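Please open the structure in your viewer and keep the sequence panel beside it, since each stop on this tour begins with a selection. A cartoon view will do at the start, with side chains switched on as they are needed.

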Amino acid sequence: MAEKKQKGPDFARGVSLSKFTDGAMLQGHFKGEPILVARREDAYFAIGAHCTHYSGPLADGLIVDDTVRCPWHHACFSLRTGEAIRAPALAPVTCWKVETTGQKLFVRGKKAGKNPPPAAPAKSPQRVVIVGGGAAAEAAAEMLRHQGYRGRLTMISADDSVPYDRPALSKDFLSGAASKKLLPLHSPDFYRKHKIELLLNARVAAIDPRDHSVQLVKGGGRKFDALLLATGAAPVKLEVPGADLPHVSYLRTRSDCSTIIGKAGKAKSIVVIGASFIAMEVAASLIQRKLQVHIVAPEAVPMEKVLGPGVGAYLQSLHQRKGVVFHLQQSVVSIDEHKVTLTDGHTIEAGLVVIGIGVKPLTDLAERAGIRTDRGVLVDEHLETSVPGIFAAGDIARWPDPLTGERIRVEHWVVAQRQGQTAARNILGHRERFDTVPFFWTTQFDFTLNYVGHAENWDRIDLDGSIEDQNCKLSYQRQGKTLAIATIGRDRQSLEAELAMERSNVPASPS
(Lines give C-alpha, C1' and ligand atoms only; values in the text may rest on other atoms or scores of the structure.)
Protein backbone atom coordinates (compact mmCIF):
# COMPACT_ATOMS: atom_id res chain seq x y z
CA MET A 1 0.00 0.00 0.00
CA ALA A 2 1.36 3.43 -0.95
CA GLU A 3 2.24 5.72 1.94
CA LYS A 4 -0.22 8.58 2.39
CA LYS A 5 1.24 11.86 1.17
CA GLN A 6 1.49 14.40 3.95
CA LYS A 7 0.53 18.04 3.53
CA GLY A 8 3.25 20.66 3.83
CA PRO A 9 6.94 20.49 4.76
CA ASP A 10 8.72 17.83 6.79
CA PHE A 11 9.52 19.62 10.05
CA ALA A 12 12.11 16.99 10.94
CA ARG A 13 14.25 18.38 8.10
CA GLY A 14 13.69 21.96 9.15
CA VAL A 15 11.83 24.95 7.74
CA SER A 16 13.13 28.46 7.16
CA LEU A 17 12.14 30.92 9.88
CA SER A 18 11.34 33.42 7.13
CA LYS A 19 8.01 31.60 6.68
CA PHE A 20 6.87 32.73 10.13
CA THR A 21 5.78 36.28 10.73
CA ASP A 22 3.97 36.99 14.01
CA GLY A 23 0.64 35.15 13.97
CA ALA A 24 1.62 32.91 11.04
CA MET A 25 0.70 29.21 10.93
CA LEU A 26 2.04 26.43 8.73
CA GLN A 27 0.84 22.85 8.49
CA GLY A 28 3.44 20.17 7.88
CA HIS A 29 4.37 16.81 9.32
CA PHE A 30 6.83 14.95 11.51
CA LYS A 31 7.37 11.21 10.97
CA GLY A 32 3.97 10.84 9.33
CA GLU A 33 1.95 12.86 11.84
CA PRO A 34 0.32 16.13 10.72
CA ILE A 35 1.55 19.09 12.76
CA LEU A 36 0.74 22.78 12.97
CA VAL A 37 3.59 25.19 13.72
CA ALA A 38 2.66 28.69 14.77
CA ARG A 39 4.51 31.82 15.81
CA ARG A 40 3.24 34.19 18.48
CA GLU A 41 5.50 37.19 19.04
CA ASP A 42 8.97 35.64 19.55
CA ALA A 43 7.74 32.14 20.53
CA TYR A 44 7.18 29.14 18.26
CA PHE A 45 4.70 26.36 19.01
CA ALA A 46 3.96 22.96 17.47
CA ILE A 47 0.68 21.10 18.08
CA GLY A 48 -1.46 18.49 16.34
CA ALA A 49 -2.81 19.91 13.09
CA HIS A 50 -6.41 18.80 13.45
CA CYS A 51 -9.16 19.71 15.88
CA THR A 52 -10.13 16.87 18.23
CA HIS A 53 -13.83 17.57 17.66
CA TYR A 54 -14.41 16.79 13.95
CA SER A 55 -10.80 16.98 12.69
CA GLY A 56 -11.05 20.51 11.32
CA PRO A 57 -7.79 21.93 9.87
CA LEU A 58 -6.40 24.28 12.50
CA ALA A 59 -4.09 25.91 9.94
CA ASP A 60 -7.20 27.49 8.40
CA GLY A 61 -8.25 28.87 11.77
CA LEU A 62 -7.44 32.00 13.72
CA ILE A 63 -4.73 32.76 16.29
CA VAL A 64 -5.98 34.78 19.25
CA ASP A 65 -3.33 35.58 21.85
CA ASP A 66 -1.63 32.23 22.53
CA THR A 67 -4.56 30.11 21.30
CA VAL A 68 -5.79 28.84 17.96
CA ARG A 69 -9.46 28.51 17.00
CA CYS A 70 -10.82 25.83 14.70
CA PRO A 71 -12.49 27.17 11.53
CA TRP A 72 -15.25 24.57 11.47
CA HIS A 73 -17.01 24.77 14.85
CA HIS A 74 -14.92 27.32 16.78
CA ALA A 75 -13.21 25.06 19.31
CA CYS A 76 -10.17 26.68 20.92
CA PHE A 77 -6.79 25.19 21.89
CA SER A 78 -3.80 26.50 23.82
CA LEU A 79 -0.71 26.74 21.64
CA ARG A 80 1.43 26.30 24.76
CA THR A 81 -0.19 23.19 26.25
CA GLY A 82 -2.52 21.78 23.59
CA GLU A 83 -5.37 21.98 26.08
CA ALA A 84 -8.90 22.23 24.69
CA ILE A 85 -9.88 25.54 26.23
CA ARG A 86 -13.37 25.81 24.81
CA ALA A 87 -16.02 23.45 23.48
CA PRO A 88 -17.00 21.75 21.27
CA ALA A 89 -13.57 20.07 21.49
CA LEU A 90 -13.09 18.29 24.80
CA ALA A 91 -9.79 16.46 24.21
CA PRO A 92 -6.39 18.19 23.87
CA VAL A 93 -4.18 18.15 20.80
CA THR A 94 -0.65 16.80 21.10
CA CYS A 95 2.25 19.16 21.77
CA TRP A 96 5.65 18.91 20.11
CA LYS A 97 9.14 20.15 20.93
CA VAL A 98 10.36 23.02 18.76
CA GLU A 99 13.97 24.03 18.24
CA THR A 100 15.40 26.90 16.23
CA THR A 101 18.94 26.62 14.90
CA GLY A 102 20.39 29.35 12.77
CA GLN A 103 17.61 30.42 10.44
CA LYS A 104 15.68 27.15 10.55
CA LEU A 105 12.96 25.65 12.72
CA PHE A 106 12.87 21.94 13.60
CA VAL A 107 10.31 19.75 15.36
CA ARG A 108 12.12 17.24 17.58
CA GLY A 109 9.38 14.99 18.97
CA LYS A 110 6.37 14.95 21.29
CA LYS A 111 6.44 16.66 24.64
CA ALA A 112 6.22 14.14 27.46
CA GLY A 113 3.50 13.95 30.07
CA LYS A 114 0.32 15.86 30.75
CA ASN A 115 -0.15 19.12 32.56
CA PRO A 116 -1.28 18.43 36.14
CA PRO A 117 -4.78 19.72 36.94
CA PRO A 118 -4.93 22.86 39.07
CA ALA A 119 -5.78 22.48 42.73
CA ALA A 120 -9.43 23.13 43.41
CA PRO A 121 -10.20 26.06 45.73
CA ALA A 122 -10.12 25.13 49.42
CA LYS A 123 -13.79 26.09 49.85
CA SER A 124 -15.05 23.88 47.03
CA PRO A 125 -18.39 22.14 47.66
CA GLN A 126 -18.05 18.59 48.97
CA ARG A 127 -20.94 17.29 46.87
CA VAL A 128 -21.99 18.43 43.39
CA VAL A 129 -25.08 17.07 41.65
CA ILE A 130 -25.77 17.66 37.96
CA VAL A 131 -29.31 17.02 36.75
CA GLY A 132 -29.08 16.15 33.06
CA GLY A 133 -27.00 14.07 30.67
CA GLY A 134 -26.61 16.28 27.62
CA ALA A 135 -24.11 18.84 26.39
CA ALA A 136 -24.09 21.18 29.38
CA ALA A 137 -24.13 18.40 31.96
CA GLU A 138 -21.28 16.41 30.42
CA ALA A 139 -19.12 19.49 29.80
CA ALA A 140 -19.64 20.63 33.39
CA ALA A 141 -18.72 17.27 34.90
CA GLU A 142 -15.59 17.04 32.79
CA MET A 143 -14.58 20.62 33.59
CA LEU A 144 -15.01 20.08 37.34
CA ARG A 145 -12.53 17.22 37.26
CA HIS A 146 -10.25 19.13 34.90
CA GLN A 147 -10.19 21.98 37.41
CA GLY A 148 -8.97 19.61 40.12
CA TYR A 149 -12.28 19.11 41.92
CA ARG A 150 -12.09 15.90 43.98
CA GLY A 151 -15.39 15.96 45.80
CA ARG A 152 -18.36 13.70 45.17
CA LEU A 153 -19.78 14.28 41.69
CA THR A 154 -23.07 12.81 40.43
CA MET A 155 -24.76 13.12 37.03
CA ILE A 156 -28.43 12.15 36.89
CA SER A 157 -29.49 11.49 33.29
CA ALA A 158 -32.90 10.48 31.97
CA ASP A 159 -31.18 9.06 28.88
CA ASP A 160 -30.32 5.38 28.53
CA SER A 161 -26.90 6.08 27.00
CA VAL A 162 -23.71 7.73 28.19
CA PRO A 163 -23.49 11.33 26.91
CA TYR A 164 -23.18 11.41 23.12
CA ASP A 165 -22.73 13.78 20.19
CA ARG A 166 -26.33 14.92 19.73
CA PRO A 167 -25.77 17.14 16.62
CA ALA A 168 -24.68 14.04 14.70
CA LEU A 169 -28.08 12.42 15.20
CA SER A 170 -29.90 14.54 12.62
CA LYS A 171 -26.90 14.64 10.31
CA ASP A 172 -24.37 11.85 9.70
CA PHE A 173 -25.88 9.21 11.98
CA LEU A 174 -29.38 9.50 10.52
CA SER A 175 -28.07 9.56 6.94
CA GLY A 176 -25.99 6.43 7.58
CA ALA A 177 -22.63 8.17 7.11
CA ALA A 178 -21.56 7.65 10.75
CA SER A 179 -21.65 4.56 12.95
CA LYS A 180 -22.88 4.22 16.53
CA LYS A 181 -19.27 3.93 17.68
CA LEU A 182 -18.66 7.60 16.84
CA LEU A 183 -21.55 8.94 18.93
CA PRO A 184 -20.44 8.60 22.60
CA LEU A 185 -18.34 11.51 23.84
CA HIS A 186 -16.57 9.11 26.22
CA SER A 187 -16.72 5.44 27.12
CA PRO A 188 -18.29 4.28 30.41
CA ASP A 189 -14.74 3.73 31.67
CA PHE A 190 -14.10 7.47 31.45
CA TYR A 191 -16.72 8.18 34.10
CA ARG A 192 -15.46 5.40 36.36
CA LYS A 193 -11.86 6.55 35.99
CA HIS A 194 -12.76 10.13 36.89
CA LYS A 195 -15.08 9.05 39.70
CA ILE A 196 -18.18 10.56 38.13
CA GLU A 197 -21.26 8.75 39.37
CA LEU A 198 -23.40 8.50 36.23
CA LEU A 199 -27.00 7.46 36.84
CA LEU A 200 -28.75 6.50 33.58
CA ASN A 201 -32.49 6.07 33.04
CA ALA A 202 -32.89 8.16 36.17
CA ARG A 203 -35.27 11.06 36.69
CA VAL A 204 -35.44 13.62 39.46
CA ALA A 205 -38.84 13.92 41.09
CA ALA A 206 -38.12 17.01 43.19
CA ILE A 207 -35.44 19.40 44.39
CA ASP A 208 -35.40 20.58 47.99
CA PRO A 209 -33.22 23.72 48.18
CA ARG A 210 -33.52 23.95 51.97
CA ASP A 211 -32.44 20.37 52.55
CA HIS A 212 -29.91 20.55 49.70
CA SER A 213 -31.20 17.32 48.21
CA VAL A 214 -32.80 15.84 45.11
CA GLN A 215 -35.29 12.98 45.19
CA LEU A 216 -35.37 10.39 42.42
CA VAL A 217 -38.55 9.09 40.80
CA LYS A 218 -37.52 5.48 41.48
CA GLY A 219 -36.72 6.26 45.11
CA GLY A 220 -33.68 7.47 46.96
CA GLY A 221 -31.87 10.69 46.32
CA ARG A 222 -28.64 12.62 46.59
CA LYS A 223 -27.49 15.45 48.85
CA PHE A 224 -25.69 18.42 47.29
CA ASP A 225 -23.71 21.48 48.26
CA ALA A 226 -23.95 22.82 44.70
CA LEU A 227 -26.43 21.84 42.01
CA LEU A 228 -26.42 22.33 38.24
CA LEU A 229 -29.72 22.13 36.39
CA ALA A 230 -29.10 21.01 32.81
CA THR A 231 -32.38 19.28 32.01
CA GLY A 232 -32.48 20.54 28.43
CA ALA A 233 -35.60 20.71 26.32
CA ALA A 234 -38.27 18.38 24.99
CA PRO A 235 -39.91 18.34 21.55
CA VAL A 236 -43.13 20.30 21.19
CA LYS A 237 -45.89 17.76 20.62
CA LEU A 238 -48.24 18.05 17.66
CA GLU A 239 -51.84 18.05 18.86
CA VAL A 240 -53.79 16.47 16.00
CA PRO A 241 -55.69 13.19 15.67
CA GLY A 242 -53.31 10.31 15.05
CA ALA A 243 -50.20 12.06 16.39
CA ASP A 244 -49.72 9.23 18.89
CA LEU A 245 -49.67 6.43 16.29
CA PRO A 246 -46.66 4.05 16.31
CA HIS A 247 -45.20 5.34 13.04
CA VAL A 248 -45.04 8.94 14.33
CA SER A 249 -41.68 9.98 15.80
CA TYR A 250 -39.76 12.91 17.25
CA LEU A 251 -35.98 13.26 17.19
CA ARG A 252 -34.27 14.22 20.42
CA THR A 253 -32.31 11.23 21.71
CA ARG A 254 -30.11 8.48 20.35
CA SER A 255 -32.94 6.05 20.98
CA ASP A 256 -35.31 8.26 18.95
CA CYS A 257 -32.84 8.27 16.06
CA SER A 258 -32.46 4.49 16.09
CA THR A 259 -36.25 4.15 16.08
CA ILE A 260 -36.56 6.48 13.07
CA ILE A 261 -33.89 4.55 11.17
CA GLY A 262 -35.67 1.28 11.89
CA LYS A 263 -39.05 2.61 10.76
CA ALA A 264 -37.56 4.30 7.69
CA GLY A 265 -36.37 0.92 6.45
CA LYS A 266 -39.99 -0.18 6.12
CA ALA A 267 -41.39 3.04 4.66
CA LYS A 268 -41.59 4.18 1.06
CA SER A 269 -42.73 7.73 1.76
CA ILE A 270 -41.82 9.89 4.76
CA VAL A 271 -43.49 13.11 5.88
CA VAL A 272 -41.48 15.58 7.96
CA ILE A 273 -43.68 18.07 9.75
CA GLY A 274 -41.97 21.42 10.31
CA ALA A 275 -39.16 23.41 8.71
CA SER A 276 -36.97 23.90 11.77
CA PHE A 277 -33.23 23.17 11.73
CA ILE A 278 -33.89 19.65 12.99
CA ALA A 279 -36.69 19.06 10.47
CA MET A 280 -34.62 20.27 7.52
CA GLU A 281 -31.59 18.23 8.59
CA VAL A 282 -33.78 15.15 9.07
CA ALA A 283 -35.21 15.57 5.57
CA ALA A 284 -31.71 15.95 4.08
CA SER A 285 -30.49 12.83 5.90
CA LEU A 286 -33.46 10.60 5.13
CA ILE A 287 -33.53 11.36 1.41
CA GLN A 288 -29.90 10.20 1.28
CA ARG A 289 -31.30 6.80 2.23
CA LYS A 290 -33.11 6.78 -1.14
CA LEU A 291 -36.52 7.47 0.36
CA GLN A 292 -39.31 9.76 -0.79
CA VAL A 293 -39.43 12.72 1.61
CA HIS A 294 -42.08 15.43 2.00
CA ILE A 295 -41.86 18.54 4.21
CA VAL A 296 -45.07 20.14 5.48
CA ALA A 297 -44.75 23.56 7.12
CA PRO A 298 -46.87 26.70 7.58
CA GLU A 299 -44.14 29.09 6.41
CA ALA A 300 -44.03 30.52 2.89
CA VAL A 301 -40.22 30.15 2.90
CA PRO A 302 -38.37 27.61 5.09
CA MET A 303 -36.28 29.12 7.90
CA GLU A 304 -37.05 32.67 6.76
CA LYS A 305 -37.68 33.85 10.34
CA VAL A 306 -34.19 32.83 11.50
CA LEU A 307 -31.98 33.15 8.41
CA GLY A 308 -33.92 35.44 6.11
CA PRO A 309 -35.69 34.89 2.77
CA GLY A 310 -32.51 34.53 0.70
CA VAL A 311 -31.01 31.64 2.65
CA GLY A 312 -34.44 30.08 3.12
CA ALA A 313 -35.21 30.12 -0.61
CA TYR A 314 -31.79 28.67 -1.41
CA LEU A 315 -32.23 25.83 1.09
CA GLN A 316 -35.64 25.05 -0.36
CA SER A 317 -34.24 24.87 -3.89
CA LEU A 318 -31.31 22.75 -2.69
CA HIS A 319 -33.65 20.25 -1.05
CA GLN A 320 -35.90 20.21 -4.11
CA ARG A 321 -32.95 19.45 -6.38
CA LYS A 322 -32.22 16.45 -4.16
CA GLY A 323 -35.82 15.27 -4.44
CA VAL A 324 -37.52 16.65 -1.32
CA VAL A 325 -41.12 17.76 -1.96
CA PHE A 326 -42.36 20.84 -0.08
CA HIS A 327 -45.93 21.56 1.01
CA LEU A 328 -45.60 25.10 2.35
CA GLN A 329 -48.28 27.32 3.89
CA GLN A 330 -49.90 24.07 4.94
CA SER A 331 -50.41 22.20 8.21
CA VAL A 332 -51.23 18.62 9.05
CA VAL A 333 -54.76 18.27 10.47
CA SER A 334 -54.77 14.50 10.97
CA ILE A 335 -52.62 11.38 10.68
CA ASP A 336 -53.74 7.82 10.08
CA GLU A 337 -51.89 4.54 9.53
CA HIS A 338 -51.11 5.27 5.87
CA LYS A 339 -51.30 9.02 5.23
CA VAL A 340 -51.42 12.57 6.55
CA THR A 341 -54.16 15.04 5.68
CA LEU A 342 -53.37 18.72 5.08
CA THR A 343 -55.42 21.85 5.74
CA ASP A 344 -56.36 22.11 2.06
CA GLY A 345 -57.72 18.54 2.09
CA HIS A 346 -54.86 16.94 0.15
CA THR A 347 -53.32 13.76 1.53
CA ILE A 348 -49.74 12.44 1.43
CA GLU A 349 -48.79 8.80 1.80
CA ALA A 350 -46.74 8.36 4.95
CA GLY A 351 -45.19 5.15 6.21
CA LEU A 352 -43.24 7.28 8.69
CA VAL A 353 -43.95 10.73 10.12
CA VAL A 354 -41.22 12.76 11.84
CA ILE A 355 -42.29 15.87 13.73
CA GLY A 356 -39.89 18.77 14.21
CA ILE A 357 -41.86 21.86 15.21
CA GLY A 358 -39.61 23.11 17.98
CA VAL A 359 -38.72 22.34 21.58
CA LYS A 360 -39.69 23.69 24.99
CA PRO A 361 -37.37 24.03 28.00
CA LEU A 362 -37.89 21.54 30.81
CA THR A 363 -38.39 23.97 33.68
CA ASP A 364 -40.88 22.03 35.85
CA LEU A 365 -38.29 20.94 38.42
CA ALA A 366 -37.03 24.49 38.83
CA GLU A 367 -40.51 25.94 39.15
CA ARG A 368 -41.55 23.44 41.83
CA ALA A 369 -38.35 24.21 43.75
CA GLY A 370 -39.20 27.92 43.83
CA ILE A 371 -36.52 28.94 41.33
CA ARG A 372 -37.45 31.94 39.19
CA THR A 373 -38.43 31.14 35.60
CA ASP A 374 -39.61 33.10 32.59
CA ARG A 375 -39.63 31.13 29.33
CA GLY A 376 -36.63 29.32 30.83
CA VAL A 377 -34.71 29.31 34.09
CA LEU A 378 -33.51 32.83 34.89
CA VAL A 379 -29.80 33.06 35.67
CA ASP A 380 -27.37 35.90 36.27
CA GLU A 381 -24.17 36.57 34.34
CA HIS A 382 -22.49 33.77 36.33
CA LEU A 383 -25.28 31.30 35.41
CA GLU A 384 -26.52 31.15 39.01
CA THR A 385 -30.28 30.98 39.57
CA SER A 386 -32.37 32.92 42.08
CA VAL A 387 -31.43 30.24 44.65
CA PRO A 388 -27.78 30.58 45.74
CA GLY A 389 -25.70 27.51 44.99
CA ILE A 390 -28.05 26.30 42.24
CA PHE A 391 -26.88 26.98 38.67
CA ALA A 392 -28.52 26.35 35.29
CA ALA A 393 -27.00 25.82 31.85
CA GLY A 394 -27.99 24.73 28.38
CA ASP A 395 -31.38 24.86 26.71
CA ILE A 396 -33.20 25.84 29.93
CA ALA A 397 -31.02 28.84 30.87
CA ARG A 398 -32.10 32.40 30.08
CA TRP A 399 -29.19 34.74 30.70
CA PRO A 400 -28.34 38.44 30.15
CA ASP A 401 -26.82 38.94 26.72
CA PRO A 402 -23.92 41.40 27.09
CA LEU A 403 -24.35 42.62 23.50
CA THR A 404 -27.96 43.76 23.82
CA GLY A 405 -28.64 43.70 27.57
CA GLU A 406 -31.68 41.49 26.89
CA ARG A 407 -32.23 38.06 28.40
CA ILE A 408 -31.86 35.33 25.82
CA ARG A 409 -32.16 31.56 25.68
CA VAL A 410 -30.35 29.63 22.95
CA GLU A 411 -31.05 26.01 22.02
CA HIS A 412 -27.73 24.99 20.51
CA TRP A 413 -25.14 22.36 21.39
CA VAL A 414 -21.98 24.47 21.56
CA VAL A 415 -23.66 27.15 23.69
CA ALA A 416 -24.82 24.46 26.13
CA GLN A 417 -21.32 22.96 26.36
CA ARG A 418 -19.70 26.33 26.98
CA GLN A 419 -22.29 27.22 29.61
CA GLY A 420 -21.63 23.91 31.34
CA GLN A 421 -17.91 24.70 31.42
CA THR A 422 -18.50 28.19 32.83
CA ALA A 423 -21.01 26.93 35.41
CA ALA A 424 -18.49 24.31 36.58
CA ARG A 425 -15.83 26.94 37.17
CA ASN A 426 -18.32 29.13 39.00
CA ILE A 427 -19.42 26.23 41.20
CA LEU A 428 -15.78 26.21 42.30
CA GLY A 429 -15.96 29.91 43.13
CA HIS A 430 -14.40 31.55 40.07
CA ARG A 431 -17.22 34.09 39.50
CA GLU A 432 -16.66 34.08 35.74
CA ARG A 433 -19.05 35.98 33.48
CA PHE A 434 -20.68 33.97 30.73
CA ASP A 435 -20.06 36.39 27.89
CA THR A 436 -19.27 33.87 25.17
CA VAL A 437 -20.81 34.72 21.80
CA PRO A 438 -23.43 32.11 20.81
CA PHE A 439 -22.44 29.84 17.92
CA PHE A 440 -24.18 27.12 15.92
CA TRP A 441 -23.90 25.41 12.59
CA THR A 442 -26.19 23.49 10.27
CA THR A 443 -25.19 21.02 7.58
CA GLN A 444 -27.66 19.96 4.89
CA PHE A 445 -26.25 17.97 1.94
CA ASP A 446 -23.10 19.83 0.82
CA PHE A 447 -24.28 23.07 2.45
CA THR A 448 -22.86 24.28 5.79
CA LEU A 449 -23.74 27.53 7.48
CA ASN A 450 -21.99 28.92 10.57
CA TYR A 451 -23.80 31.47 12.72
CA VAL A 452 -22.37 33.65 15.50
CA GLY A 453 -24.35 36.00 17.71
CA HIS A 454 -28.07 35.99 18.39
CA ALA A 455 -30.74 37.85 16.45
CA GLU A 456 -34.27 36.96 17.52
CA ASN A 457 -35.51 40.05 15.70
CA TRP A 458 -33.78 41.98 12.93
CA ASP A 459 -34.82 44.74 10.57
CA ARG A 460 -32.05 44.46 7.99
CA ILE A 461 -29.76 41.86 6.42
CA ASP A 462 -26.59 42.92 4.62
CA LEU A 463 -25.30 40.35 2.13
CA ASP A 464 -21.69 40.20 1.02
CA GLY A 465 -21.13 37.59 -1.69
CA SER A 466 -23.44 34.98 -3.20
CA ILE A 467 -25.70 32.54 -1.38
CA GLU A 468 -26.10 30.50 -4.60
CA ASP A 469 -22.32 30.12 -4.88
CA GLN A 470 -22.13 29.16 -1.18
CA ASN A 471 -19.65 31.98 -0.62
CA CYS A 472 -21.07 34.79 1.46
CA LYS A 473 -21.49 36.61 4.74
CA LEU A 474 -24.84 37.83 6.03
CA SER A 475 -25.06 40.47 8.77
CA TYR A 476 -28.30 40.56 10.78
CA GLN A 477 -28.93 44.04 12.17
CA ARG A 478 -31.42 45.86 14.32
CA GLN A 479 -31.51 49.65 14.47
CA GLY A 480 -28.07 49.79 12.89
CA LYS A 481 -26.46 47.34 15.34
CA THR A 482 -25.08 44.00 14.14
CA LEU A 483 -26.54 41.21 16.27
CA ALA A 484 -25.42 38.13 14.34
CA ILE A 485 -23.30 37.00 11.41
CA ALA A 486 -23.95 33.95 9.23
CA THR A 487 -21.31 32.71 6.83
CA ILE A 488 -21.39 30.15 4.06
CA GLY A 489 -18.00 29.01 2.79
CA ARG A 490 -16.19 31.71 4.78
CA ASP A 491 -15.05 29.98 7.93
CA ARG A 492 -12.32 32.44 8.84
CA GLN A 493 -14.70 35.39 8.55
CA SER A 494 -16.98 33.59 10.99
CA LEU A 495 -14.12 33.34 13.48
CA GLU A 496 -13.24 37.00 12.96
CA ALA A 497 -16.87 38.02 13.52
CA GLU A 498 -17.01 35.97 16.73
CA LEU A 499 -13.83 37.63 18.00
CA ALA A 500 -15.12 41.14 17.19
CA MET A 501 -18.35 40.42 19.11
CA GLU A 502 -16.39 39.05 22.05
CA ARG A 503 -14.32 42.21 22.26
CA SER A 504 -17.42 44.35 22.15
CA ASN A 505 -18.74 42.36 25.13
CA VAL A 506 -15.79 43.24 27.39
CA PRO A 507 -16.91 45.60 30.18
CA ALA A 508 -15.31 49.03 30.15
CA SER A 509 -12.47 49.52 32.61
CA PRO A 510 -13.37 51.76 35.56
CA SER A 511 -12.03 55.29 35.20
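Select strand 9 and strand 10 in this predicted model, and you will find that the two strands pair in the antiparallel sense over six bridges. Within that pairing, Val98 has Val107 of strand 10 as its bridge partner. Follow the chain from strand 9 into strand 10 and you pass through a hairpin with two residues between the strands, where Gly102 in the turn has a positive phi of about 60°. Now add strand 4 (residues 43–48), which pairs with strand 9 in the antiparallel sense over two bridges; here Ala46 stands opposite Trp96 of strand 9.

Stay with strand 10 and show the side chain of Lys110, which meets the side chain of Glu33 in a salt bridge (3.5 Å, N to O). Glu33 belongs to strand 3 (residues 33–40) and Lys110 to strand 10 (residues 104–110), so this pair ties together parts that are 77 residues apart in sequence. Glu33 is partly exposed at 33% relative accessibility, and Lys110 is likewise partly exposed, at 42%.

Next, select Val93, which sits in the loop between strand 8 (84–86) and strand 9 (95–101). Is Val93 buried or exposed? With a relative accessibility of 7%, Val93 counts as buried, and if neighbours within four places in sequence are left aside, the residues in contact with Val93 are Ile47, Gly48, His50, Thr52, Leu58, Phe77, Thr81 and Gly82. For a sense of distance, draw a line from the C-alpha of Val93 to that of Lys180: the two residues are 87 apart in sequence and 24 Å apart in space.

The loop between strand 8 and strand 9 also holds Pro88, and the peptide bond leading from Ala87 to Pro88 is cis, with omega near 15°. Most peptide bonds are trans, and most residues other than glycine have a negative phi. With that in mind, select Asp65, a residue other than glycine whose phi is positive, near 55°; Asp65 lies in the loop between strand 5 (62–64) and strand 6 (67–69).

Move on to Leu383, in the loop between strand 28 and strand 29, which also has a positive phi, about 70°, although it is not a glycine. At 0% relative accessibility, Leu383 counts as buried.

Then show Glu381, to which Arg433 is joined by a salt bridge with the closest N and O atoms 3.4 Å apart. Arg433 lies in the loop between helix 9 (413–427) and strand 32 (439–444), while Glu381 lies in the loop between strand 28 (377–378) and strand 29 (390–392), so the pair ties together parts that are 52 residues apart in sequence. Arg433 is partly exposed, with a relative accessible area of 25%, and Glu381 is partly exposed with 35%. For a wider view, select Arg69, Arg86, Arg418, Glu498 and Glu502, which are joined into one network by salt bridges that share partners. The structure as a whole holds 30 salt bridges.

Two members of that network, Glu498 and Glu502, are among the buried residues of helix 10, so make helix 10 the next selection. Helix 10 (residues 491–505) has 15 residues and reaches 22 Å from its first C-alpha to its last, close to the 21 Å expected at 1.5 Å a residue. The other buried residues to colour in helix 10 include Ser494, Leu495, Ala497, Leu499, Met501 and Asn505.

Now turn to helix 4 (residues 254–264), where Arg254, Cys257, Ile260 and Ala264 are buried. These residues cover an arc of only 120° around the axis, which puts them on the same side of helix 4. Among the elements that cover them are helix 2 (169–175), strand 19 (248–250), strand 20 (269–273), helix 5 (277–287) and strand 26 (352–355).

Finish at Gln330, in the loop between strand 22 (325–328) and strand 23 (332–335). Gln330 counts as buried at 14% relative accessibility, and its side chain is joined to that of Asp344 by a polar contact of 3.2 Å. Not counting residues up to four places away in sequence, Gln330 touches Val296, Ala297, Pro298, Leu342, Thr343 and Asp344.

Technical notes
Residues numbered from 1 in each chain as written. Predicted model: local features only at pLDDT ≥ 70, side-chain atom pairs only at ≥ 80, totals over all residues. Heavy atoms only, no water. Salt bridge = Lys/Arg side-chain N within 4 Å of Asp/Glu carboxyl O. Helix = DSSP H or I, 4+ residues; strand = E, 2+ residues; numbered from the N terminus. Buried < 20%, exposed > 50% of the residue type's maximum accessible area, 1.4 Å probe, protein only. Contact = heavy atoms within 4.5 Å. Arc of directions from axis to C-beta. Polar contact = N/O pair within 3.5 Å; in protein donor to acceptor, adjacent residues only side chain to side chain. Expected span 1.5 Å × (residues − 1). Pairing = 2+ DSSP bridges.
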